Amino acid sequence: MVLGVQWLSTLGSVKWNFKDLKMEFDYKGKTHVLRGMTAGISLVAGKQLHRVLHNSIQLCLIQHVPESEEQGFFQCNAMETNTNSHEILALLDEFQDIFQEPFALPPSRGMFDHRIPLKPDARPVNIRPYRYPLKQKDIIERLVQEMLDNGVIQPSCSSFASPVVLVGKKDGSWRICVDYRELNKLTIKDKFPIPVIEELIDELAGATLFSKIDLRSGYHQLRLYESDIHKTAFKTHNGHYEFLVMPFGLTNAPATFQGLIDKPIFYTLLGMVSTI
């Protein structure tokens, strides 16, 4: 356990014995003793764990230490769903094309192609690029080239231009984010309802099996409406480009993406109709 200093300061004098792993103190006129765990850590099976958790234990420490990351993943899932790891591997092999890196534009989905309606008399947004350190310039050039190779962006001669910033990811890598704040001020806001997390949790009542799909760069799986492509143009220190897919940072992007997800056609488009 982690005992906070604020709580410990309320106890007054505390007697410690680190050899016996014992802590003794007085609280409200009574002497209390906290003892450390001296027994070794033992492995328990799923049935044993289920039995332990139903014996009204007040405090329990459970540590999962897999022999390897991959084996631990399958052990955890096998215990919860009684699914053999070989069956999971066969399933992953069957749908391995889903996990491939995309190197082509997604198909046009008609009404789901993202539009950028502007307010009347809106003038094109044109902001000069930010000043970047030399190291960030190299990163921007590399990321822009990757997007060009993947067909996500193309060179532009649009009268629109928004600056870009580099945002660090948790894994230490970088991502280009376009500062569309000025463009968003001129955009007519979409009113498509975004789900409330409390309502989504309520819908899970009684469910016992759960599945999920992580759409990597999900916004990039939606095309831009052709006449609005030039509005997404952005400038870097060495070029002018525009998006062919829906970029991050647009004010109506969440509504467009949610609209696609909420339609039954979404599942058939991905080829992932689930009967569970």
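**Close-up views of a predicted model**

**View 1. Glu 146 and Arg 142 in helix α5.** With a relative accessibility of 38%, Glu 146 falls in the partly exposed class. The model shown here and in the views below is predicted. Arg 142 is likewise partly exposed, its relative accessible area being 44%. A salt bridge links the two side chains, with an N to O distance of 3.5 Å. The cut-off for such a pair is 4 Å between a side-chain nitrogen of Lys or Arg and a carboxyl oxygen of Asp or Glu. Because Glu 146 and Arg 142 are four residues apart in α5, about one helical turn separates them. An α-helix has 3.6 residues a turn, so residues three or four places apart point the same way. Under this rule, the salt bridges in the model number four; two others are shown in Views 2 and 3.

**View 2. The salt bridge between Asp 179 and Arg 181.** The closest N and O atoms of Asp 179 and Arg 181 lie 2.8 Å apart. The acidic partner, Asp 179, is buried at 13% relative accessible area. The basic partner, Arg 181, is exposed at 56%. Buried stands for values under 20% and exposed for values over 50%, so the two residues of this pair belong to opposite classes.

**View 3. The salt bridge between Asp 228 and Lys 231.** The side chains of Asp 228 and Lys 231 meet with an N to O distance of 2.8 Å. Asp 228 has a relative accessible area of 7% and is buried. Lys 231 is buried as well, with 12%.

**View 4. Surroundings of Ser 156.** Ser 156 sits in the loop that runs between β4 (153-155) and β5 (164-168). With a relative accessibility of 13%, Ser 156 is classed as buried. Two polar contacts involve its side chain. One, of 2.9 Å, is with the side chain of Glu 242. In the other, the side chain of Ser 156 reaches the backbone nitrogen of Ser 158 at 3.0 Å. Setting aside residues up to four places away in sequence, Ser 156 touches Ala 233, His 240, Tyr 241 and Glu 242. Glu 242 thus appears in this view both as a polar partner and as one of the contact residues.

**View 5. A nonpolar surface patch that includes Phe 95.** Leu 89, Leu 91, Leu 92, Phe 95, Ile 98 and Phe 99 make up a nonpolar patch of about 530 Å² on the surface. Phe 95 lies in the loop between α4 (85-94) and α5 (134-149). Its relative accessible area is 34%, which means that Phe 95 is partly exposed.

**View 6. Val 33 in strand β3.** Strand β3 spans residues 30-35 and contains Val 33. Val 33 is partly exposed, with 35% relative accessible area. Apart from neighbours within four places in sequence, the residues in contact with Val 33 are Lys 22, Met 23 and Glu 24. Lys 22 is 11 residues from Val 33 along the chain, and their C-alpha atoms are separated by 6.8 Å.

**View 7. Helix α8 and its buried residues.** Helix α8 covers residues 253-261. Seven of its nine residues are buried, so α8 is largely enclosed by the rest of the structure. The buried residues of α8 are Ala 253, Ala 255, Thr 256, Phe 257, Gln 258, Gly 259 and Leu 260.

**View 8. The whole chain and its low-confidence stretches.** The average pLDDT of the protein is 80, and 78% of the residues score at least 70. Over residues 69-83 the pLDDT stays under 50, and the model has 12 contacts beyond four places in sequence for this stretch. Residues 268-276 also have a pLDDT below 50, with 10 contacts in the model beyond near neighbours in sequence. Nine helices and eight strands are present in the protein. Of its 276 residues, 24% count as buried. The accessible surface amounts to about 20,600 Å², with 56% of it belonging to carbon and sulfur atoms. Among contacts in the protein with a separation of 6 or more, 65% are between residues 24 or more positions apart.

Key:
Residues are numbered from 1 along each chain as its sequence is written. Side-chain values use heavy atoms; hydrogens and water are left out. Patches are made of residues with over 30% relative accessible area and no salt bridge: like charges are joined within 9 Å, nonpolar side chains (Val, Leu, Ile, Met, Phe, Trp, Tyr) within 5 Å. Accessible areas come from the Shrake-Rupley method with a 1.4 Å probe; for residues, only the protein chains shown count as cover. Helices (H or I, at least four residues) and strands (E, at least two) are DSSP runs, numbered from the N terminus. Buried means under 20% relative accessible area, exposed over 50%, partly exposed in between (1.4 Å probe, protein chains only). A polar contact is a pair of N or O atoms within 3.5 Å; within protein, one must be able to donate a hydrogen and the other to accept it, and residues adjacent in sequence count only if both atoms are side-chain atoms. Contact means heavy atoms within 4.5 Å. pLDDT is the predictor's confidence in each residue, from 0 to 100.
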